Each structure stands twice: as structure tokens, then as C-alpha cells.
Amino acid sequence: PDTVQACSKQKDDSKVRRYISRILWLLTFDSVDEVLSKCLEQFHTSVHIEKWLEWVPQLLAGLGSKEARVFHAILQTIGRVHPQALYFPIRNVYLTVRGEYQEVLARHKNLVEYNRNLPDGDPTKKEIPDQPPEFAR
């Protein structure tokens with residue numbers, strides 16, 4: 001809470017950036033009880049929303065981590081005030097993930113086809129499902 005309060009009272013952008021980077025770093029050491037996450041989720045609005053704008057890529061990248069709930073809340077707040085600031089980064093992440101998934105599908109298809117073309121009794125021939133495993137998020 002002290003770092004969030006200090007961040008909300010600062011006018012100097014460089015100090016605010018330093019505080020926000022420290023907050024995001026500290027979240028990685030959050031306890032099982034998620035005390036820091038709950039605190040930030042409750043008090044993130046005390047920091048001017050414009051100060052969070054430059055952290056959008058990091059917040060989007062963090063949606064796959066244990067701090068996702070907090071990052072989602074911050075992104076929702078940003079989206080209510082500045083939806084255009086989220087559109088391009090979200091689209092960029094979507095296109096990147098979609099491209100990676102298409103590569104996984106293509107590799108899996110090639111592996112299945114290669115495996116089918118192996119002669120029966122070949123020791124390298126394995127049972128491969130027709131559908132790839134769930135794509136890691």
C-alpha cells in the first residue's frame with residue numbers, strides 16, 4: 001500500500017515509472033494469500049490512469065501469470081477511459097498468438113503425415129493423436 005500511495009502522490013513521471021515497476025516486480029513475490037494482489041486490485045485506481053498506459057504491453061504479457069486477476073482489473077480500468085490505447089496492443093498479442101498456434105498446427109499435421117508414411121513395424125512409429133495437445137497459454 002505504501003508504494004501505491006507514494007505512486008499516486010507523485011507528479012514526476014520518472015518516479016512514477018520507478019514505483020510502478022517496483023509494484024509489478026513485487027507482485028512476482030506475492031504470497032499464497034495474494035495480499036499484494038488484493039491490495040493493488042483495490043488501490044490501482046488511486047494512481048492516475050495515464051501513468052498505467054505505458055505499462056500496457058507488460059500487463060498484457062502478465063495475463064498468463066498468477067497475477068492475471070490484478071492485471072485484468074488494471075486493463076479494464078484503462079479500457080474504460082482509453083479504449084483506443086488497448087486496441088492495438090491487444091490486436092498485436094492476438095495476431096502473435098494466432099500465428100504461433102497456426103505454426104503448431106502445421107508442425108503437428110506434418111508429424112502425423114510423416115508418422116503415417118512410416119512402414120508398419122518401424123520402431124520410430126508412434127501413436128500420435130490427430131488433434132494436437134492443448135496450446136499452452
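Helices here are DSSP runs of at least four residues, numbered from the N terminus. Everything below comes from a predicted model.

**View 1. Glu67, a charged residue tucked between two helices in the sequence.** Look for Glu67 in the loop that links helix H5 (56-61) to helix H6 (68-81). Is Glu67 buried or exposed? It's buried, and it has no salt bridge. A salt bridge needs a side-chain nitrogen of Lys or Arg within 4 Å of a carboxyl oxygen of Asp or Glu, and the nearest side chain of opposite charge, Lys66, is 4.4 Å away. Skipping its neighbours within four places in sequence, Glu67 touches Leu27, Thr28 and Gly62.

**View 2. Helix H2 and its buried side.** Helix H2 covers residues 13-27, and at 1.5 Å a residue those 15 residues should span 21 Å. The end C-alpha atoms are 21 Å apart, so that agrees. Which residues of H2 are buried? They are Val16, Ile20, Ile23, Leu24 and Leu27. They cover an arc of only 95° around the axis, which puts them on the same side of H2. Here's the handy rule behind that pattern: an α-helix has 3.6 residues a turn, so residues three or four places apart point the same way.

**View 3. The two faces of helix H3.** In H3, the buried residues are Ser37, Cys39 and Leu40. Seen down the axis of H3, they fall within an arc of 165°, so they line one face of the helix. Turn to the face away from that buried side and you'll meet Val35 and Gln42, which are exposed.

**View 4. Glu34, an unusual backbone angle and a charged partner.** Glu34 sits in the loop between H2 and helix H3 (35-43). Its phi is positive, about 55°, although Glu34 is not a glycine. For context, most residues other than glycine have a negative phi. The side chain of Glu34 meets that of Arg69 in a salt bridge (2.9 Å, N to O). Arg69 lies in helix H6, so the pair ties together parts that are 35 residues apart in sequence. Both partners are partly exposed, Arg69 at 39% relative accessibility and Glu34 at 25%.

**View 5. More salt bridges.** How many salt bridges are there? The count comes to five. One of them joins Glu54 and Arg17 (3.9 Å, N to O). Glu54 is in the loop between helix H4 (49-52) and H5, and Arg17 is in helix H2, so this pair ties together parts that are 37 residues apart in sequence. Another salt bridge pairs Asp120 with Lys125 (3.3 Å, N to O). Asp120 is exposed, at 72%, while Lys125 is partly exposed, at 30%. Salt bridges with shared partners also join Glu34, Glu41 and Arg69 into one network.

Definitions and conventions:
Residues are numbered from 1 along each chain as its sequence is written. This is a predicted model: local features need pLDDT of at least 70, side-chain atom pairs count only at pLDDT 80 or more; totals for chains, interfaces and linings use all residues. Side-chain values use heavy atoms; hydrogens and water are left out. The expected span of a helix is 1.5 Å times one less than its number of residues. Buried means under 20% relative accessible area, exposed over 50%, partly exposed in between (1.4 Å probe, protein chains only). The arc is that of the directions from the helix axis to the C-beta atoms. Lys and Arg count as positive and Asp and Glu as negative; His and the chain ends are not counted. Contact means heavy atoms within 4.5 Å.
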